[in-house]
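These notebook entries record what I looked up, beginning with the sheets and going on to the helices and the cores.

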Amino acid sequence: GKASTAMARSVAEVLSLSNVNIDGVVITKDGHATDDEKNLLSGYNIRVREASHPIPCERSVSSAEEIMEVASSSDSRTLLIACISGGGSALFCLPRGDLTLNDLMETNARLLESGAPIQKMNVIRKRLEMGKGGLLATAAYPATTLGLVLSDIVGDPLDLIASGPTVPDESSFEEAWSILREYGMGPGGSHELPPAVIDVIREGNAAEKALDNSVIHPAFKLVDDKARRTSETVLVGNNRAAVLAAAEEAEKLGYSPAILGTRFDGEASCVGGSLVAMADHLCNKDTMYPIAATPAALISGGETIVNLPQNCKGRGGRNQELALAAALKMNEMNLKGCCLASIGTDGTDGPTDAAGAIVDSKTVDDDVSRSSALKALSDHDSYDFLNERGCLVMTGPTGTNVADVCITLIR
């Protein structure tokens, strides 16, 4: 995943104190591993592989094969530690059966266009690939497997983060087939998946009904003392931690922080407008029962979506689209004295080099800029509009990935 090199470095430094033999493979997104991390991990006999995201590539497949080879060569004396973070679904990609990389590349493109939330995307991915849905842990059995998970998904579902390589699959082919139909990815749909993929899910749905799904792989059964399993997975960080840290920092800076929640989802442009409406409520000094005293910091976390039409040429990401919609709402409401920042904690928002954007009442301040902003929002082309106005936030890869954080400051 996008945070895998930083996670692997921390784990390797701890393991090195125990004088054990270390060997491993890390897959991360292009540009998300620093030279220092690569050199340090190489000294621990851990190989760093980079691949493309969000669409997998040949390097994703060859790297995934390497990881599965490490897992399958393990024995009962092996401790396999899987450092799992968001982005892992695309980066750790190994087609199942007769499916090809092209099938999965096209599938990922259609999934991203469909507007389906990441939870539902990963239900489909688990049907199509080796290693996902607990199959990394079963390949390593009888080794002891420890999954360390940094969550980028609302609600922290361990079986869906990076498609759950060390967690037994709780979803089904029937659920995947239902998702295809719901989001227009089935036969004749507006985001139709490749025929071979549709066939796998359709046939799996039919075959699954005749299977006994109560059988549990030994990797996930309680061992003799009933206190543990051979494969365990632990949450080590999530969006809540980032939101709390933001609130603490806001308080140090003299703001009254109000955490709105860490489960924000839905269409990015709608969420942006809603957050500005909350800010407007606080800007009115006569407001009764305010959620925070001014100056205030409204802080929220989660992961929104953007529904894209096929062959969309716009450039941007969900955080940039949320910020652009917020700027338009500020203009519409003639709202002064507040600004909004929406940021991807991994440092990349969509297929761009920006982490997100920060906007205020000056971002859209006349009829000309409003017209341009409306067109950019309609075309899902927020990057260029925001870049021209100096609104983009550029952090580069951060070494973590715990979804998005949005902060609205009100004077």
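How many bridges join β8 to strand β11, and in which sense do the two run? I worked on a predicted model throughout. I found seven bridges between β8 and β11 (residues 404–410), with the strands antiparallel. I noted one pair on this border: Ser 342 stands opposite Cys 406 in β11.

Entry 1: the mixed sheet.
I then followed β8 (residues 338–344) to strand β9 (residues 356–360), where the pairing is antiparallel over five bridges. Here I recorded Val 359 of β9 as the bridge partner of Leu 340. From β9 I went on to strand β10 (residues 392–393), which is joined to β9 by two bridges and runs antiparallel to it. Ala 357 faces Leu 392 of β10 as its opposite residue. I wrote down the order of the whole open sheet, which has six strands, as β6-β7-β11-β8-β9-β10, with mixed pairing. I marked β6 (256–264) and β10 as the edges; each has a single partner strand, so one side of each lacks a neighbour in the sheet.

Entry 2: helix α12 and its contacts.
I looked next at what lies across this sheet, and found α12 over β8, β9, β10 and β11, running at about 170° to β8. Which angle do the axes of α12 and α13 make where they cross? I read roughly 145° for helix α12 (residues 318–333) and helix α13 (residues 367–378), whose axes come within 10 Å. The crossing of α12 and α13 is left-handed. On the α12 side I listed Glu 321, Leu 324, Ala 325, Leu 328, Asn 331 and Glu 332, and on the α13 side Arg 370, Ala 373, Leu 374, Ala 376 and Leu 377. Sorted by class, the contact of α12 with α13 comprises seven nonpolar, one polar and three charged residues.

Entry 3: the parallel sheet.
I turned to the open sheet of three strands, ordered β3-β4-β5 with parallel pairing. Its edge strands are β3 (79–85) and β5 (231–237), each pairing on one side only. I noted an average twist of 20° from one strand to the next. Between β4 and β5 I found six bridges, in the parallel sense. Val 149 has Leu 235 of β5 as its bridge partner. Helix α1 (residues 4–15) packs on this sheet and touches β3, β4 and β5, its direction making about 150° with that of β3.

Entry 4: Asp 159.
Is Asp 159 buried or exposed? I count Asp 159 as buried because its relative accessibility is 13%, with the cut-off for buried at under 20%. I placed Asp 159 in the loop between β4 (144–150) and α8 (173–182). Beyond four places in sequence, Asp 159 touches Lys 126, Gly 164, Val 167, Pro 168 and Glu 170.

Entry 5: the nonpolar cores.
I found 45 residues in the largest nonpolar core, where Ile 124, Leu 128, Leu 180, Met 185 and Ile 201 have the most contacts inside it. Elements giving two or more residues to this core include β1 (24–29), α5 (101–114) and α9 (195–208). The largest share, six residues, comes from α3. I checked Met 185 separately: outside its neighbours within four places in sequence, its contacts include Arg 110, Leu 111, Ile 124, Leu 180, His 191 and Ile 198. I closed with a second, separate core of 36 residues, among them Val 306, Leu 322, Ala 323 and Ile 410.

Terms used:
Residues numbered from 1 in each chain as written. Predicted model: local features only at pLDDT ≥ 70, side-chain atom pairs only at ≥ 80, totals over all residues. Heavy atoms only, no water. Axes fitted to C-alpha atoms, helices over the stretch in contact; angles between N-to-C directions. Helix = DSSP H or I, 4+ residues; strand = E, 2+ residues; numbered from the N terminus. Left-handed = near helix turned anticlockwise from the far one by under 90°. Contact = heavy atoms within 4.5 Å. Nonpolar A, V, L, I, M, F, W, Y, C, P; charged D, E, K, R; others polar. Pairing = 2+ DSSP bridges. Buried < 20%, exposed > 50% of the residue type's maximum accessible area, 1.4 Å probe, protein only. Core = buried A, V, L, I, M, F, W, Y, C linked by side-chain atoms within 4.5 Å.
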